[in-house]
Amino acid sequence: EGGGEEDELRQLEFAAFNKLRSEAISRAGFNSELLRQNSSEFTQTIALSPHYRFSWSLVPAPSDGNSLTTSRPETRYLRVLVAARAKGWVAMGLQPQQDRGTLHPMKHADIVMGYVDEDGNGVVEDKFARDVEAPSLDILVGGKDNIYRGADAELQPWIRHYGNVTLMHFAKPLNSGDWSDSQIDPKTMVMLLYAHHSGDSIQTTGYVAYHGPTRGKMSVLLDGSCRPGSSRRGGDEGGSTCEVCKPGFYCTGGSAAALPCEAGTYATEAGAVQCTACPASRTTMESASSSLCDCVCSDGYLQLDPDPDCSAGELALCRPCPKELYCHKGASVPHVKQGFHVENSSTEWFNVWKCSEPAMCHQELKSLNFSDGSELLIGEVGTCATGRVGTACGRCDEGYYMLGGACEVCPGDSDWWPSLLACFFGLFILVVTYYAANSAVTAYTSSMLATSVSFGALVTGMQSLTVMSQMSVEWSSTWTDFLHGLAFIAFDLEPLRIECAVSRTAFSRYFLRVILPTAVVMLYCLLYLVSQSVGGMLSRPGWKKTWTFNATCQVWQALYISIVLVGLLPFQCYTHPNGESSLTKFPAVVCGTSQHAALFVAGVLATVVYGVGFFSMCVIATLKAPAQSATNDTFVRFFRFLLYRFRVDRWYWGTVLMVRSFLMALTPIVLPDLPNEQLVMYTTVLVAFFYLQCYVMPWKSKLLNCADMMVMAMLVLVATAGGVYPEPTTNDSMSTFIIVILCGAGCAVFSIFASGVRSLINNLFKSKKQKAKVDQVVESVSSALPRLARAVSTMRVSELNRLMSELGEFDKRCMEDFTALMAHELEMVDRLHFHRAQSREKRSKSWLTKAKSTMHLTTNKRITLAHSKVAQQVLQRYRTQTEASEEDAEAEHDEYVVELNNDTPGTCSNSEVEI
């Protein structure tokens, strides 16, 4: 304005500066520092194309802004800076994206267009596009120009050229209320239209030239969020630019940073709005996967083809993992869960075998801990515990023997003394049983009876526990070890290292167990023969046949549970996950094979001969006992093992105990794959016989009844513990609970056993105190009975009925048992007197014959009258003593003969001799 040389110089400098700046912009290209400086005032920037950049921010409405905005819910202004690589016109439009359907983006679009006119003035216009055509000014279609043109210099519209780059700036209300303007919600997706033209058609022709290919659209969020498929550059929330998501990431729009694809999904292309899920039963090893090839088999599936050609769309075959295996995602080799076994071959991975005991299957276990707090123990495929081989790791390898469920190395030649000691101990038990089982029988509980019965209760309890070891219940490891320690009571000879000396086949191992009951019979026969030979040499009586038979049957009855269990072993098959079945005791033997057939035949024979045969003999003897006991003493001596421990009116209880034992031994066979049902059956048998025993009280004393019931109660509690703890393998509480039960019951039974031993010692040393107690009880009852009989005999029947009706149920039952017992005893006394009378008559005739014979043998002596008188006295004494026994009569005869031969010789008449 000042003119002159100074102004001209300033104009030349300004033109030179602009020329240099334009050249710099042209050289620097579209992303020059200039553009970054111009857009630094805006909160958001996005590159709509390589030739078009859009920057914006939301600002408060100026005080002199469009008055229509004051009544609208959105009063903010949209401040925009557009940069295009062009020297012609530049335009951008806004269109709400929702509810557009298939409408063309240009239709009803709100557009702002700018250009530099021929005079160099920048023109920024508010336009409206009715259709796919050149837009018209808002004021020409009935709208208003809502571009801010007020006093705020920062919001003033302008457009300038910088070399080949054009910058356009303007501000416009988001919600002007004008029908020709789009009503914009910055929180919803907006379609951004852009176009530009490199020529100057408006300046020369006055109309808008068609933009050609330099146009496009993009969806954005004006509140600062990036459009779907893009995110803040570098993940910086304060950043002003958005960038397209890389493969393996997805952007939903509005996120500060790109999100990696979660495990099980992938994104192959850049700018993904969401990730693609892997095919069914597949996942990815980690997040941010960018290829279908990253999809592997999920947890619980086994990848059978580890190297597929995924570039051609082929994926590895995923097969569901059996529940007994553990298949980690992407695994081509599974792991085996505790208690199961598979061979290390891809063809055998789905042929899963179940070990009869979990510890048999694995040499080493690895623990897996999960987020829910659970733990899983797994092992390698194709491995067994140390020394184990074969199907389901069911047998010991060469050089090993079975001990407590584990295979131990066979000892050397000098380490067999424990086995020999065990054999001698067994022989000692047989000898002790011979004398204990044939001790004097009394009506009361003798010390020997108390000792033997309490010991028998312990043996029965241990056998009942071995039945539990045959069930399919998974006991705790501590309790399992304890049950293995009782294996000897069930004829398990494996701890004696028999496998180290004989064949290791299942049949040979089973045959050794089956032959044991027969071996007991053979040993007793051998001991009988030895005693007879030794007794003859020492002029002492040997073992009696009746006593030997009784002792043999006593051992069989005491071990009846184990005898039946041995016979039923080939029937105990449990099911594997692969559908096959194996014997519980010999897991390597598959049921239904020829090897199992041989065992099955042997088991049938053992069950028929041992279990059914011996039981049938006992039943017949029990039925005949009432009649035979009155007349046949030999029968009673043969079968006293069935009778002597019980009350006279409960003589049958020995056979009832065998029924209980047989039912308990059947438990492992019934429902072998349902442990809870096995426990229910086992408990039902025990509870039923517990109630029956409480009702009849069969043993000779309360103490013995309590001992037997204590053992049954203990077994019921132990069986209950098996169903209480759902995961006993890793639960030590189960072992603690069971051990407490066993200790309590064991102490109670052992106290009875100790009491019997103490009484036995007292009897051996002729304890007067113990005998005085027994005599006192006998005298008290004997003196009370006559008084009671006299009192009852004077009472009327009606009075007796009244007294009986006033008694309680238990007292009435006691009276009924007492009267039945007394009637039985009195009847036996009458029978005894009758048989004794017959015996005396026979013995008197026999004695007279012997006396005559003795007198005639003394013809060389002179028999005096004194001899005759002695004979008369002896005869008279014999006839008057009606209660004398046969032994007394024989003693009288021998005494007479001695007197006859030792007196002074004399003579007697023929009549005296006849006498």
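**Exercise 1. Two helices crossing**

Is the crossing of α7 and α9 left-handed or right-handed? Work it out, then describe how the two helices pack.

*Solution.* Before we start, a word on what you're looking at: this is a predicted model, where local features need pLDDT of at least 70, side-chain atom pairs count only at pLDDT 80 or more, and totals for chains, interfaces and linings use all residues. Residues are numbered from 1 along each chain as its sequence is written, and side-chain values use heavy atoms, with hydrogens and water left out.

Step 1: find the helices. Helices are DSSP runs of H or I with at least four residues, strands are runs of E with at least two, and both are numbered from the N terminus. Helix α9 covers residues 560-568, while α7 covers residues 506-537.

Step 2: get the geometry. The axes of α7 and α9 are 10 Å apart, and the packing angle is about 145 degrees. (Axes are lines fitted to C-alpha atoms, for helices over the stretch in contact, and angles run from 0 to 180 degrees between N-to-C directions.)

Step 3: read the hand. A crossing is left-handed if the near helix is turned anticlockwise from the far one by less than a right angle, and right-handed if clockwise. The crossing of α7 and α9 turns out to be left-handed.

Step 4: see who meets whom. From α7 come Y510, R513, V514 and P517, and they meet I563, V566 and G567 of α9. Sorted by class, that's five nonpolar, one polar and one charged residues. (Ala, Val, Leu, Ile, Met, Phe, Trp, Tyr, Cys and Pro count as nonpolar, Asp, Glu, Lys and Arg as charged, and the others, Gly among them, as polar.)

**Exercise 2. A second partner for α7**

Explain why α7 and α10 count as roughly parallel to each other.

*Solution.* Step 1: look at the angle. The axes of α7 and α10 (residues 594-631) cross at roughly 5 degrees and come within 10 Å.

Step 2: compare with the cut-offs. Angles under 35 degrees count as roughly parallel, over 145 as roughly antiparallel, 65 to 115 as roughly perpendicular and the rest as oblique. So α7 and α10 are roughly parallel to each other.

Step 3: check the contact. On the α7 side you'll find F507, Y510 and V514 among the residues involved, and on the α10 side L599, A602 and Y610 are among them. The contact of α7 with α10 has 11 nonpolar, three polar and no charged residues.

**Exercise 3. A five-stranded sheet**

Work out which strands stand at the edges of the open sheet that contains β1 and β8.

*Solution.* Step 1: recall the basics. Strands of a sheet pair through backbone hydrogen bonds, either parallel or antiparallel. Here, two strands pair if DSSP finds at least two bridges between them.

Step 2: write the order. The five strands run β1-β2-β3-β9-β8, with antiparallel pairing.

Step 3: pick out the ends. β1 (44-49) and β8 (158-162) each have a single partner strand, so one side of each is left without a neighbour in the sheet. From one strand to the next, the twist averages 15 degrees.

Step 4: zoom in on one pair. β8 is joined to β9 (residues 165-173) by five bridges, and W158 has H169 as its bridge partner in β9.

**Exercise 4. A covered strand**

Find out how many of the seven residues of β4 are buried, then name the strands that pair with β4.

*Solution.* Step 1: six of the seven residues in β4 (residues 90-96) are buried. (Buried means under 20% relative accessible area, exposed over 50%, partly exposed in between, with a 1.4 Å probe and protein chains only.)

Step 2: β4 pairs antiparallel with β5 (residues 109-116) over five bridges, and V90 sits opposite G114 there.

Step 3: β4 also pairs antiparallel with β10 (residues 189-196), this time over seven bridges. In that pair, L94 faces L192.

**Exercise 5. Two threonines**

Decide whether T466 and T683 are buried or exposed, and list what they touch.

*Solution.* Step 1: T466 lies in α5 (residues 447-470). Its relative accessible area is 3%, so T466 is buried.

Step 2: contact means heavy atoms within 4.5 Å. Leaving aside neighbours within four places in sequence, T466 touches L486, I489, A490 and L565. T466 and L486 are 20 residues apart in sequence, with 6.7 Å between their C-alpha atoms.

Step 3: T683 belongs to α14 (residues 675-696). At 18% relative accessibility, T683 counts as buried too. Not counting residues up to four places away in sequence, T683 touches V716 and A719.
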